[in-house]
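Open the model in your viewer and keep the selection panel at hand. The stops below go from one chain to its partner.

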Amino acid sequence: MSLTGQSTAQLRQAFAEGQATAAEIATAFLDQIARCDETVSALLHHDREAALARAAEVDRRREAGETLGPLAGVPVILKDNICMRGVPTTCASRMLENFVPPYDAHVVERLQAADAVVIGRANLDEFAMGSSCENSAFGPTRNPWNPECSPGGSSGGSAAAVAARMAPLAVGSDTGGSIRQPAAFCGVVGMKPTYGRVSRYGLVAFASSLDQIGPFSTDVHGSALLLETLSGHDPRDTTSVDQPVPSYTEKLDRPLEGLRVGIVKEHFGEGLDEEVSAAVHAAIDVYRSLGAEVKEVSLPHSKYSVAAYYIIAPSEASSNLARYDGVHYGHRAESFENMVDMYETSRGEAFGEEVKRRIMLGTYALSSGYYDAYYLKALKVRRLIREDFDKAFAEVDIIAGPATPTTAFRIGEMVDDPLAMYLNDIYTIGANLAGIPGLSLPCGRSDAGLPIGLQLLAAPFEEERLLRAARMYEAQTDWHGGCPDLEALAGSAGEST
Amino acid sequence: MFFYALRSVAEAGRFPNRDAFGTLRSEPDSTLLLWSGSVAETLTPEQVRKVARLARLKLTEEELQRLTPQLSDVLKYVDMLSEVETDDVEPMAHAIEVHNVLRPDQARASLPREEALANAPNSDGRYFLVPQIIEGA
């Protein structure tokens, strides 16, 4: 099998046993990028020479007999809102088009300490605001399963890159479903850890009480491995939690005895596509066949989660994005009348439409006379949403349901209807508001050949249980082995080069 | 209550509502008030223009016309929160209970000046340069 067709575990083994060098592995994936990315546009930028130099360094250290890290020689793609020293970090925004961070994010330090090889930077909705990757200032990413369709968002580039085998692993961020929804649309595994599990230091802030960094992979093992690499306490993020990080891979293949799976009746109501519903029910039957107890639980406030989110997230965003003032970094307008006009013109020129919409919503929700009615109210509803989850997890170990209401929609289908786009996140947003971990893994394909995602949720810091439950299902099915038609993706690009 | 008007922008300290910065005031703005109990009404382009000013965003006329109904739609949707009984509910600002995190007050190395200034749109190598703020200075 070609190197790009291999799982993370297989690549590690090939490297460890000397069947492939880090340089050979990196070359294989960089070649895959060269073949497919003209069609997919998953990456905003990558530096082939720098990646190869890094891989050669890993090889040199192995030859010198040094002990290498757990991701030695494994290629990783990073969402372009995570700072890496000396490498552009654009957030898919004109505002940061020329921004080069002077420091590494915590997760970048972790990847480097693990001897991973970062080979590219993935597209996203501008500042991670969106569910389709269409809000990128540098053009949309296309779904490798059907280039007419969206890969989802905001981490659409990371998901599409893994689906198109441009890397076995990618890193994304999830504020309202931005890892799990694109993972579902692209047929890969994607996970949002518990809030605080992974340091946000160096992640460009969108909504600080909701943002969390997490892994993408071709299989559950890859996410477990990447998560144990990224997790851990970091004093530079005061919300980073000082709790030991279990080895998520150690017991991954051991099925959970007496697993109690919750299904939420509110997740199977109006708006859920029939094919998605059928695939998710079939997945729940797999758990039944494995001896799990399946019981219904209720999340009565879940129907308010999108409404609460679209107050809380834009409010935090309007504050976080106030830093883009054209003074310290980022875009500054060429002509302006005075200081205030410089702010307004610079921001007006460089922010895209969705970012402006959210800043406006947040500014409005926090403005005089509205704070109690909108923001405070949303924070109270947020607590009720969390309490629903607490009650549910007193009765079940995991909750299983659809990751998205539909399979991938067409690019352009919803650009004029922001509210319809927001409602796409209805199943994923609750986990961000409550701070709990969630994961999406492939559980089927529609008649049109588009992937369907199963979302699993667990109580805070129960990542190990979540991953083992996911692996139990994965071990019984072949959906994770599915791959889009890479030859067709390479076709048009191959002819032009 | 009135100081909430600029909470979002003032928090980050970039756009403080000081006189030197001109038009921003801290009185409650009656032209923005359209909350009448539980039902949000439709926004007008004038109100949207006002919010844009608070947010320090220059919008084109076309953007303003497009944003006005879109923001109204979202506000009408989020109005469903008003049906939830929350009188005895504590607001939840963070997903995990957040405590004060303290560290020893020790001097540490910081970013070298040239690196801190490297991304600045305009600098003289020592400071960030901005347009003149105080008239006649």
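Start by selecting chain B, which has four helices and two strands. Helices (H or I, at least four residues) and strands (E, at least two) are DSSP runs, numbered from the N terminus. Along the sequence their order is α-β-β-α-α-α.

This is a predicted model, in which local features need pLDDT of at least 70 and side-chain atom pairs count only at pLDDT 80 or more, while totals for chains, interfaces and linings use all residues. Residues are numbered from 1 along each chain as its sequence is written, and chains are lettered from A and ligands numbered from 1 in the order in which they are written.

Next, show both chains: 64 residues of chain A are in contact with 59 residues of chain B (in contact: C-beta atoms, placed from the backbone, within 7 Å). On the side of chain A that touches chain B, α12(A) gives the largest share, 12 residues.

Now select residues 353–365 of chain A, helix α11, and residues 61–78 of chain B, helix α3. Their axes come within 11 Å and cross at roughly 55°; axes are lines fitted to C-alpha atoms, for helices over the stretch in contact, and angles run from 0 to 180 degrees between N-to-C directions. That angle makes α11(A) oblique to α3(B) (under 35 degrees is roughly parallel, over 145 roughly antiparallel, 65 to 115 roughly perpendicular, the rest oblique).

Finally, show the side chains at this contact. From α11(A) come R357(A), M360(A) and L361(A), and from α3(B) come L67(B), Q70(B), L71(B) and V74(B).

Methods
Two residues are in contact if their C-beta atoms, placed from the backbone, lie within 7 Å.
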